[in-house]
Protein chains: 2
Amino acid sequence: MIIEIDFNSSEALYIQLRNQIILGIANSKLSEGESLPSVRDLADNIGINMHTVNKAYALLKQEGYLKLDRRNGAVICIDIDKYKAYKELMEQMTVTLAKGACKGITRQEAHKVLDEIYDSFQL
Amino acid sequence: MIIEIDFNSSEALYIQLRNQIILGIANSKLSEGESLPSVRDLADNIGINMHTVNKAYALLKQEGYLKLDRRNGAVICIDIDKYKAYKELMEQMTVTLAKGACKGITRQEAHKVLDEIYDSFQL
DNA sequence: TATGTGTTATATCATTAGTATAACACATAA
DNA sequence: TTATGTGTTATACTAATGATATAACACATA
């Protein structure tokens with residue numbers, strides 16, 4: 001899987017990396033049980049520091065997307081807590097949709113955007 | 001309108017403040033043409049620094065929610081750029097929905113969440 | 001024994017968030 | 001005119017965060 005990092009973005013590198021991996025899972029470019037590159041390899045590959053990759057991996061582990069061990073490195077392993085996921089989705093979408101609503105995005109248009117995004121996922 | 005700030009949140013104070021004001025607009029607690037408190041008053045009221053409020057106001061201005069002048073202070077004034085709003089909505093929802101999709105949130109469930117949020121807005 | 005995992009510990013530097021004090025330009029009311 | 005209230009800018013300081021760098025550790029495996 002190709003990881004694209006924007007060094008000019010105001011978003012932290014480890015957050016960009018974490019988001020890319022989550023998008024990779026949603027697009028089935030990364031599957032349950034699959035191993036990610038080691039923190040050192042990926043860091044070399046992207047051209048960033050090992051600790052930045054480690055920070056992204058640790059965050060993904062804490063958020064329930066990865067398991068880490070010393071045999072196989074970082075392995076995709078989704079920990080599903082649907083109540084938690086629902087709650088987080090609600091919180092994150094509230095501000096996002098409020099912004100849109102202020103700018104005249106209708107409910108129907110928002111539904112359309114949601115469908116387009118889900119269509120783009122290769123589930 | 002009541003502004004609630006969580007000093008224990010990891011989210012920056014001026015971002016929380018900006019989000020609260022956007023939510024206020026989406027809930028019609030703040031209307032087009034209405035004046036916000038002066039940066040000094042609001043800062044005193046919340047218990048934060050004047051510059052933090054000013055930072056939130058400047059951001060809201062830059063994002064097209066406010067106009068600022070020396071006569072009336074900060075006045076709600078929505079600058080609608082629908083293309084831009086659409087694009088931003090798409091970008092912000094993509095990662096959010098990817099997270100949900102990884103955690104087993106179905107398209108139908110996401111639509112339901114969206115409806116609940118739009119229902120909560122007093123447009 | 002050597003190598004490759006994640007992990008932890010320090011240290012350093014740059015940037016950002018928040019506070020503090022002060023002053024400025026401008027509009028308005030007394 | 002004078003005083004007051006807007007946003008705005010400038011400067012300085014502290015604390016926290018992001019990113020890098022070097023090094024070492026515990027553990028699994030070839």
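Biologist: Why is there no bond between B:Cys102 and the closest cysteine sulfur?
Modeller: This is a predicted model, and in it the sulfur of B:Cys102 sits 12 Å from the closest cysteine sulfur, the one in A:Cys77, which is too far for a bond. A disulfide needs the two sulfurs within 2.5 Å.

Biologist: Is B:Cys102 buried or exposed?
Modeller: Buried, with a relative accessible area of 9%.

Biologist: And what about B:Cys77, how far is its sulfur from the closest cysteine sulfur?
Modeller: 12 Å, to A:Cys102, so that's too far for a bond as well. Over all chains, the disulfide count comes to zero.

Biologist: OK, salt bridges then. How many are there over all chains?
Modeller: Eight. One of them pairs the side chains of B:Asp115 and A:Arg107, at 2.8 Å from N to O. B:Asp115 belongs to helix 5 (residues 107-120) of chain B and A:Arg107 to helix 5 (residues 107-120) of chain A, so this pair joins two chains.

Biologist: Which other residue does A:Arg107 form a salt bridge with?
Modeller: B:Asp119, with the closest N and O atoms 2.7 Å apart. That pair also crosses between chains, from helix 5 of chain A to helix 5 of chain B. Put together, A:Arg107, B:Asp115 and B:Asp119 are linked in a network of salt bridges.

Biologist: What does B:Arg107 meet in a salt bridge?
Modeller: A:Asp119, at 2.7 Å from N to O. A:Asp119 is in helix 5 of chain A and B:Arg107 in helix 5 of chain B, so here too the pair joins two chains. B:Arg107 is partly exposed, at 24% relative accessibility.

Biologist: Switching to the DNA. Which residues come nearest to DNA strand D?
Modeller: Of the 23 residues around that strand, the nearest are A:Leu13, A:His51, A:Thr52, A:Arg71 and B:His51. Sugar and phosphate make up 63% of the strand D atoms that come within 4 Å of the protein.

Biologist: Which side chains have a polar atom by a phosphate oxygen of strand D?
Modeller: Among them are A:Tyr14 at 2.9 Å and B:Ser38 at 3.5 Å. B:Lys61 has a side-chain N or O atom 3.4 Å from a phosphate oxygen.

Biologist: Which element gives the most to the surface near strand D?
Modeller: Helix 3 of chain A, with four residues. By class, that surface has eight nonpolar, seven polar and eight charged residues.

Biologist: Last one: how do strand 1 and strand 2 of chain B run?
Modeller: Antiparallel, with four bridges joining residues 66-69 to residues 73-76. A hairpin of three residues connects the two strands, and B:Leu68 stands opposite B:Ala74 in strand 2.

Conventions. Residues numbered from 1 in each chain as written. Chains lettered and ligands numbered in written order. Predicted model: local features only at pLDDT ≥ 70, side-chain atom pairs only at ≥ 80, totals over all residues. Heavy atoms only, no water. Pairing = 2+ DSSP bridges. Near = heavy atom within 4 Å. Polar contact = N/O pair within 3.5 Å; in protein donor to acceptor, adjacent residues only side chain to side chain. Nonpolar A, V, L, I, M, F, W, Y, C, P; charged D, E, K, R; others polar. Buried < 20%, exposed > 50% of the residue type's maximum accessible area, 1.4 Å probe, protein only. Salt bridge = Lys/Arg side-chain N within 4 Å of Asp/Glu carboxyl O.
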